[in-house]
Amino acid sequence: MPRSAFAHAFKSHVGVPPLEYLIRWRISLARDALARDTLSISELARATGYRSESAFSTAFRRVVGSSPAQFRNQERQSSRSAANGNRRSRPTLS
């Protein structure tokens, strides 16, 4: 199948061009990994198919609206807030 025919068929079925779908998928995987906080940003860049941390960070910022480091920090703060909010207050003995 010619590349242009594939791109047209893909977009008509999925709603976005193949490359945009791939970028969104990679960034989705990266967001999950950043939330789990298991890999460095450079390791994550390579794991999601980017040759450099810079290229990964640029793509991530374009899709998410913040840098990978900012996103990771926001996730850490959200996790802490959720953990603090879910703690039951214990009655105090007087």
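**Stop 1: helix 2**

Start by selecting residues 18–36, which form helix 2 in this predicted model. Helix 2 has 19 residues, and from its first C-alpha to its last it reaches 27 Å, close to the 27 Å expected at 1.5 Å a residue.

Now show the side chains of Ile-23, Ile-27, Ala-30, Ala-33 and Leu-34, the buried residues of helix 2. Look down the axis: these residues cover an arc of only 120°, which puts them on the same side of helix 2. It helps to recall that an α-helix has 3.6 residues a turn, so residues three or four places apart point the same way.

What covers the buried residues of helix 2? Colour helix 3 (41–47), helix 4 (53–64) and helix 5 (68–85), which are among the parts that do so.

**Stop 2: the nonpolar patch**

Switch to a surface view and pick Val-14, Tyr-21, Trp-25 and Leu-29. Together, Val-14, Tyr-21, Trp-25 and Leu-29 make a nonpolar surface patch of about 390 Å². Which element gives the largest share of the nonpolar patch? Helix 2 does, with three residues.

Zoom in on Leu-29, which sits in helix 2. Is Leu-29 buried or partly exposed? Its relative accessible area is 38%, so Leu-29 counts as partly exposed.

**Stop 3: a salt bridge along helix 2**

The structure holds three salt bridges, and this stop visits one of them. Select Arg-24 and Glu-20: they form a salt bridge in which the closest N and O atoms are 2.4 Å apart. The two are four residues apart in helix 2, which means that about one helical turn separates Arg-24 from Glu-20.

Check the accessibility of both partners. Arg-24 is partly exposed, with a relative accessible area of 44%, and Glu-20 is also partly exposed, at 32%.

**Stop 4: Leu-44 in helix 3**

Move on to helix 3, where you will find Leu-44. Is Leu-44 buried or exposed? With a relative accessible area of 2%, Leu-44 is buried.

To see what surrounds it, leave out the neighbours within four places in sequence and display the residues in contact with Leu-44: Ala-30, Ala-33, Leu-34, Leu-39 and Phe-56. Three of these names may be familiar from the first stop, where Ala-30, Ala-33 and Leu-34 were listed as buried in helix 2.

If you like to check distances, try Leu-44 and Arg-31. They are 13 residues apart in sequence, and their C-alpha atoms are 9.9 Å apart in space.

**Stop 5: Asp-37**

Go back to the end of helix 2 and step to Asp-37, the residue that follows this helix. Asp-37 lies in the loop between helix 2 and helix 3. Its backbone deserves a look in a Ramachandran plot: Asp-37 has a positive phi of about 60° although it is not a glycine. Asp-37 is partly exposed, with a relative accessible area of 34%.

Next, draw the line from Asp-37 to Arg-72. Their side chains meet in a salt bridge, 2.9 Å from N to O. Arg-72 lies in helix 5 and Asp-37 in the loop between helix 2 and helix 3, so the pair ties together parts that are 35 residues apart in sequence. Arg-72 counts as buried, at 9% relative accessibility.

Add Arg-76 to the selection. Asp-37 forms a salt bridge with Arg-76 too, with the closest N and O atoms 3.0 Å apart. This pair also links distant parts of the chain, Asp-37 in the loop and Arg-76 in helix 5, 39 residues apart. Arg-76 is partly exposed, with a relative accessible area of 33%. Through salt bridges that share partners, Asp-37, Arg-72 and Arg-76 are joined into one network.

**Stop 6: helix 5**

Finish by selecting the whole of helix 5. It has 18 residues and reaches 25 Å from its first C-alpha to its last, close to the 26 Å expected at 1.5 Å a residue.

Which residues of helix 5 are buried? They are Pro-68, Phe-71 and Arg-72. These residues cover an arc of only 100° around the axis, which puts them on the same side of helix 5. Their packing partners are helix 2, helix 3 and helix 4.

Finally, rotate to the other side of helix 5, where Gln-77, Arg-80 and Gly-85 are exposed.

Definitions and conventions:
Residues numbered from 1 in each chain as written. Predicted model: local features only at pLDDT ≥ 70, side-chain atom pairs only at ≥ 80, totals over all residues. Heavy atoms only, no water. Expected span 1.5 Å × (residues − 1). Buried < 20%, exposed > 50% of the residue type's maximum accessible area, 1.4 Å probe, protein only. Arc of directions from axis to C-beta. Contact = heavy atoms within 4.5 Å. Patch = residues over 30% accessible without salt bridge, like charges linked within 9 Å, V, L, I, M, F, W, Y side chains within 5 Å. Areas by Shrake-Rupley, 256 points an atom, 1.4 Å probe, with all protein chains shown as cover. Salt bridge = Lys/Arg side-chain N within 4 Å of Asp/Glu carboxyl O.
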